[in-house]
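Here's a quick walk through one chain, going from a strand pair to a helix and then out to the whole fold. Keep the viewer open as you read.

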Amino acid sequence: MATVDLNDIIRTGPGTLAGRYLRLFWQPIYRSRDLAPGHAVAVRLMGEDFTLYRGESGQAQLLASRCAHRGTLLSTGWVEGDCLRCFYHGWQYDADGQCVDQPGEDRGFAAKVRIASYPTREYLGLIFVYLGEGDPPEFRRFPDFEGPGVLEAGEPEYWPCNYFNRLDNARDGAHVPWTHSESLRRTGASRPVGAASSHAEETEYGIRSWSERQGKPSYYTHFHMPNINQNRSFARVEGSLEDAATLWVDRLFWRVPIDDESCVSFVVDLVPLTGDEGEAYRQRRRQTEESQRLPLRQIGDDILAGKMRISDIGEDISIYKLFWIEDYVVQVGQGSVADRSRERLGRVDTGVLLLRKLWLRELKALAEDEPVKQWQSVSGRADSAATPAARASAAAMPS
Ligand code: FES
Ligand SMILES: [Fe+2]
């Protein structure tokens, strides 16, 4: 009988239990629009390094990080068609990792050299890869995000903490009225009255959570195993302050380990505006992103170091960015790798407890070579029950 504990969830390098589990699923690795045709970049995911490039045909490709010859980084090389040529001595690899050209070498040597390559897919503005063994599983789609509206993949968020700090937070509705009190004040949302009870249940896709305040349920949020959060939220859309005060957004976010001490979040928003209105919003949003290139991490670190407070942040910052900083402060504030054994969980942690229970159950199955649960891809929005009247309880939404 294998024993697994919370430390097994945190470690995700090659060969670790959680690393093996996460590698059973397609994972996002980069934002599509950040990778132009003909460009290559070095990327790191789950403690492994890779070379990601976009062939001149437009196809994204993922290879091992280093050249088989003498190990320099292939990301510094040249993209030629759908192949990549090394910057050091010019060996060329195709998208399958097969060496196809070796200047100065005997014919026949190249055929014996191959480096690792991985399947890729692009979807919802993100590049996904499959890093596991064998054939990849069916690609998981999110039909709710394929409908009309403005679909935007936000700037990836690189944080210096373990990815599970972020996953736990996704099931933690109780933090919102406190951590995000300044954001809620600025959007005019009041802190809800009365204690909320937290509820969470396992579903065919992961976890459905909601809170109840004075006997009334808030809308639901959805967690897709193993590391995807879905919600519909109010006041957290990027754009003008007015956008934040009037628009709902459906959001998916993947929390992916870079290594055990850092992680990246890929966020996809669908905002319910179409036609000219949609286009105008898209422009406003990109302008806000461009004109407010704030050092968000630095601000968060200054708050953690006691050099400033959340309330010192200028009123002109977008609410999306303010939420970002507020979340950063509490999650990075837990420590890059939090010691979970010291926690004292209570009633409000129902969702956190269920999330950990599912993860530990699946890791145990994996450790014992038993089948893991086959999570289904389903639409979560249909039962979100978000109505304008629910705006006042937007504070119950975890992010
Ligand atoms: S190290 Fe790549 S060709 Fe020599
Ligand atoms: Fe939050």
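How many residues does the hairpin use to join β19 to β20? Two residues make that link. Bear in mind that this is a predicted model.

## The β19–β20 pair

Strand β19 covers residues 248-259 and strand β20 covers residues 262-271; they run antiparallel, with nine bridges between them. If you want one pairing to look up in the viewer, try D250, whose bridge partner in β20 is L270.

β19 is mostly covered, too: 12 of its 12 residues are buried. As a reminder, side chains in a regular strand alternate between the two faces of the sheet.

## Helix α10

Helix α10 takes in residues 350-367, and its 18 residues should span 26 Å at 1.5 Å a residue. The end C-alpha atoms are 26 Å apart, so the expected and modelled spans agree.

Plenty of side chains to check here: the buried residues of α10 include V352, L354, L355, L358, W359, L363 and L366. Charged residues turn up among them as well, namely R356 and E362. After the helix comes D369, with a positive phi near 60°.

## The whole chain

Zooming out, the chain has 10 helices and 20 strands. Its radius of gyration is 22 Å, close to the 21 Å from the globule rule for 399 residues, so the chain is as compact as a globular protein of that length. The C-alpha trace spans about 75 × 55 × 45 Å along its principal axes.

Of the 399 residues, 54% count as buried. The accessible surface comes to about 17,800 Å², and 49% of that belongs to carbon and sulfur atoms.

Terms used: Residues numbered from 1 in each chain as written. Chains lettered and ligands numbered in written order. Predicted model: local features only at pLDDT ≥ 70, side-chain atom pairs only at ≥ 80, totals over all residues. Heavy atoms only, no water. Helix = DSSP H or I, 4+ residues; strand = E, 2+ residues; numbered from the N terminus. Expected span 1.5 Å × (residues − 1). Buried < 20%, exposed > 50% of the residue type's maximum accessible area, 1.4 Å probe, protein only. Pairing = 2+ DSSP bridges. Rg over C-alpha atoms; globule rule 2.2 N^0.38 Å. Areas by Shrake-Rupley, 256 points an atom, 1.4 Å probe, with all protein chains shown as cover.
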